[in-house]
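Welcome, and please open your viewer. We will move from one selection to the next, and at each stop you will hear what is there.

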Amino acid sequence: MKHNGFEYVDLGLPSGTKWAKCNVGANSETDYGLYFACGGIVGVDSLCCDNDFDSNKIRYDVGEKTTLYIDNDAANIHMGGKWHMPTKEQFEELLDKNNTTSIWLHDYCNSGVSGRLFRSRINNETLFIPANGFINNHALYRKDVNCSIWTSSLDFSTVYSCICLFCDSDNASISQISAYYIGMGIRGVFNTFWIK
């Protein structure tokens, strides 16, 4: 199944959210795709360094806004249609043990790529997120050890923070970090009710 030319997985989630099969910039489930700063729309591959990120393009005039503006949403910029970056709540729904189970795989489908596989309790469909690691200080860290995916959610309760998904062999969790300039992957989602 596709939306605007990109394949998606329907896990039968209560919200109706559909998840892209691949990270933004990836050609397959096991391809890491591009790395973005939080709020950046220009991605780099693992051979580039973090000073190429457009992290200075993020709009800070958000006030009470708790999600990125659409012009800082790399999934919508790169995928079009109703695709957008997942919110914290959409990741929470994915991680909810009533909706999915998940396991860490060291060699997904004989690809040699590690990552976390989510399986729907509702319809048995699966979603794989590869262990893409993250880019910081001109280097790629924790490839094959961590999955790192930005959400579109922001938190201003203490300091300016972006929210992301981290997965490893032990756990999948949502984290809040102030290092918005770190390069992480992005996975698009869409919902038929979503409006820009």
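**Stop one: the cysteines**

A disulfide here is a pair of cysteine sulfur atoms within 2.5 Å, and by that rule the count is one. Before you select anything, note that this is a predicted model, in which local features need pLDDT of at least 70 and side-chain atom pairs count only at pLDDT 80 or more, while totals for chains, interfaces and linings use all residues. Residues are numbered from 1 along each chain as its sequence is written, and side-chain values use heavy atoms, with hydrogens and water left out.

Now select Cys 38 and Cys 162, the two partners of the disulfide, whose sulfur atoms lie 2.1 Å apart. Set a dihedral about the S-S bond: the value is -95 degrees, and the link is left-handed. The link joins distant parts of the chain, 124 residues apart: Cys 38 is in the loop between strand E3 (18-23) and helix H1 (74-79), while Cys 162 belongs to strand E10 (residues 161-167). These labels follow DSSP runs, numbered from the N terminus, with helices (H or I) of at least four residues and strands (E) of at least two.

Are these two cysteines buried or exposed? Buried means under 20% relative accessible area, exposed over 50%, and partly exposed in between, using a 1.4 Å probe and protein chains only. Cys 38 counts as buried because its relative accessibility is 1%, and Cys 162 is buried with a relative accessible area of 1%.

Add Cys 22 to the selection; Cys 22 is buried as well, with a relative accessible area of 17%. Then pick Cys 164, which is in no disulfide: the nearest cysteine sulfur, that of Cys 162, is 8.5 Å away. Cys 164 is buried, at a relative accessible area of 0%.

**Stop two: the sheet around E10**

Stay with Cys 162 and show its strand neighbours. Three strands form an open sheet in the order E9-E10-E11, with antiparallel pairing; two strands pair if DSSP finds at least two bridges between them. At the edges are strand E9 (147-155) and strand E11 (172-177), each pairing on one side only. On average, neighbouring strands of this sheet are turned by 25 degrees against each other, direction ignored; the axes are lines fitted to C-alpha atoms, for helices over the stretch in contact, and angles run from 0 to 180 degrees between N-to-C directions.

E10 and E11 run antiparallel and are joined by six bridges. Which residue in E11 is the bridge partner of Cys 162? Select Ile 177 to see that partner.

**Stop three: the sheet around E5**

Next, show the open sheet of three strands in the order E4-E5-E6, again antiparallel. Strand E4 (100-105) and strand E6 (126-130) each have a single partner strand, so one side of each is left without a neighbour in the sheet. Here the average turn between neighbouring strands is 20 degrees, direction ignored.

Strand E5 (residues 115-120) pairs with E4 in the antiparallel sense over six bridges. Two places to click are Leu 105, opposite Gly 115 in E5, and Trp 104, opposite Arg 116 in E5. On the E6 side, the antiparallel pairing with E5 has five bridges, and Arg 116 stands opposite Ile 129 in E6. E5 is mostly covered, with five of its six residues buried.

Finish at the hairpin of E5 and E6, where five residues lie between the strands and Asn 124 takes a positive phi near 70 degrees.
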